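Work through the exercises below with the sequence and the model side by side. Each task is followed by a solution in steps.

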Amino acid sequence: MIIDIRDLRLKGKTEQNFEFSHQPPVSALDIPGSAFSGDAKVKCLVEIYKDEVFISGTVSFSLTAPCSRCLEPASFHSTIEFDERF
């Protein structure tokens, strides 16, 4: 997803919430035999200042991979927080 900061500024906004889904590429995984289970869900807040933009939020995803003990398929779900400044 592309967030158009210029458009938000033209609308007079200083912050905006976004929620979207994204299909992560298989190349993002380095666990043999693993795969993402559906889309990753992204929730974020964009804060616009004079010379900076802050983006903070979470990314939630699920994946399946072989169990390291029995090699049966195992599911894993995680939510990761992020905070970036541009």
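The exercises cover strand pairing, nonpolar cores, aromatic rings and a few single residues.

The model is predicted, so local features need pLDDT of at least 70 and side-chain atom pairs count only at pLDDT 80 or more, whereas totals for chains, interfaces and linings use all residues. Residues are numbered from 1 along each chain as its sequence is written, and side-chain values use heavy atoms, with hydrogens and water left out.

**Exercise 1. Strand pairing**

Task: Determine how strand β3 pairs with β1 and β4, and how β4 pairs with β5.

Solution.

Step 1. Strands are DSSP E runs of at least two residues, helices are H or I runs of at least four, and both are numbered from the N terminus. Two strands pair if DSSP finds at least two bridges between them.

Step 2. β1 (residues 15-22) and β3 are antiparallel, with 8 bridges. In this pairing F18 lies opposite C44 of β3.

Step 3. β3 and β4 are also joined by 8 bridges and run antiparallel. Here E47 faces F54 in β4, and the two strands make a hairpin with 4 residues between them.

Step 4. β4 and β5 run antiparallel with 13 bridges. F54 has R85 of β5 as its bridge partner.

**Exercise 2. The phi angle of L71**

Task: Locate L71 and state what is notable about its phi.

Solution.

Step 1. L71 sits in the loop between β4 and β5. The hairpin of these strands has 6 residues between them.

Step 2. Most residues other than glycine have a negative phi. L71 is not glycine, yet its phi is positive, near 65 degrees.

Step 3. Buried means under 20% relative accessible area, exposed over 50%, and partly exposed in between (1.4 Å probe, protein chains only). L71 is exposed because its relative accessibility is 65%.

**Exercise 3. Nonpolar cores**

Task: List the residues of the largest nonpolar core and find which element gives the most to this core.

Solution.

Step 1. A nonpolar core is a set of buried Ala, Val, Leu, Ile, Met, Phe, Trp, Tyr and Cys residues joined through side-chain atoms within 4.5 Å.

Step 2. The largest one has 8 residues: I5, L8, F18, C44, V46, I48, V53 and I55. At least two residues come from each of α1 (5-10), β3 (40-48) and β4, and β3 gives the most, with 3 residues.

Step 3. A separate core has 6 residues, including L29, A40, L63 and A65.

Step 4. Compare the faces of β3. The covered face holds A40, V42, C44, V46 and I48, and the uncovered face holds K41, K43, L45 and E47.

Step 5. Take contact as heavy atoms within 4.5 Å. Not counting residues up to four places away in sequence, V46 touches I3, I5, T14, E15, Q16, F18, V53, F54 and I55.

**Exercise 4. Aromatic pairs**

Task: How many aromatic pairs are there, and what is the geometry of Y49 with F54 and of F61 with F76?

Solution.

Step 1. Rings of Phe, Tyr and Trp (its six-membered ring) pair if their centres lie within 6.5 Å; planes under 30 degrees apart are stacked, over 60 edge-to-face and the rest tilted. The count is 3 aromatic pairs.

Step 2. Y49 and F54 are edge-to-face, at 5.5 Å centre to centre and 80 degrees between the planes. Y49 is partly exposed at 42% relative accessible area, and F54 is partly exposed at 23%.

Step 3. F61 and F76 are tilted because their planes stand at 55 degrees, with the centres 6.5 Å apart. This pair links F61 in β4 (residues 53-66) to F76 in β5, 15 residues apart.

Step 4. F61 is buried at 15% relative accessibility, whereas F76 is partly exposed at 46%. F36, F61 and F76 form one aromatic cluster.

**Exercise 5. Serines in β4 and β5**

Task: Are S60 and S78 buried or exposed, and what does each one touch?

Solution.

Step 1. S60 lies in β4 and S78 in β5 (residues 73-85). S60 is buried because its relative accessibility is 17%, and S78 is buried at 17%.

Step 2. Neighbours within four places in sequence are left out. S60 then touches D39, A40, K41, H77, S78 and T79, and S78 contacts V59, S60 and F61.

Step 3. A polar contact is a pair of N or O atoms within 3.5 Å; within protein, one must be able to donate a hydrogen and the other to accept it, and residues adjacent in sequence count only if both atoms are side-chain atoms. The side chains of S60 and T79 make one of 2.9 Å.
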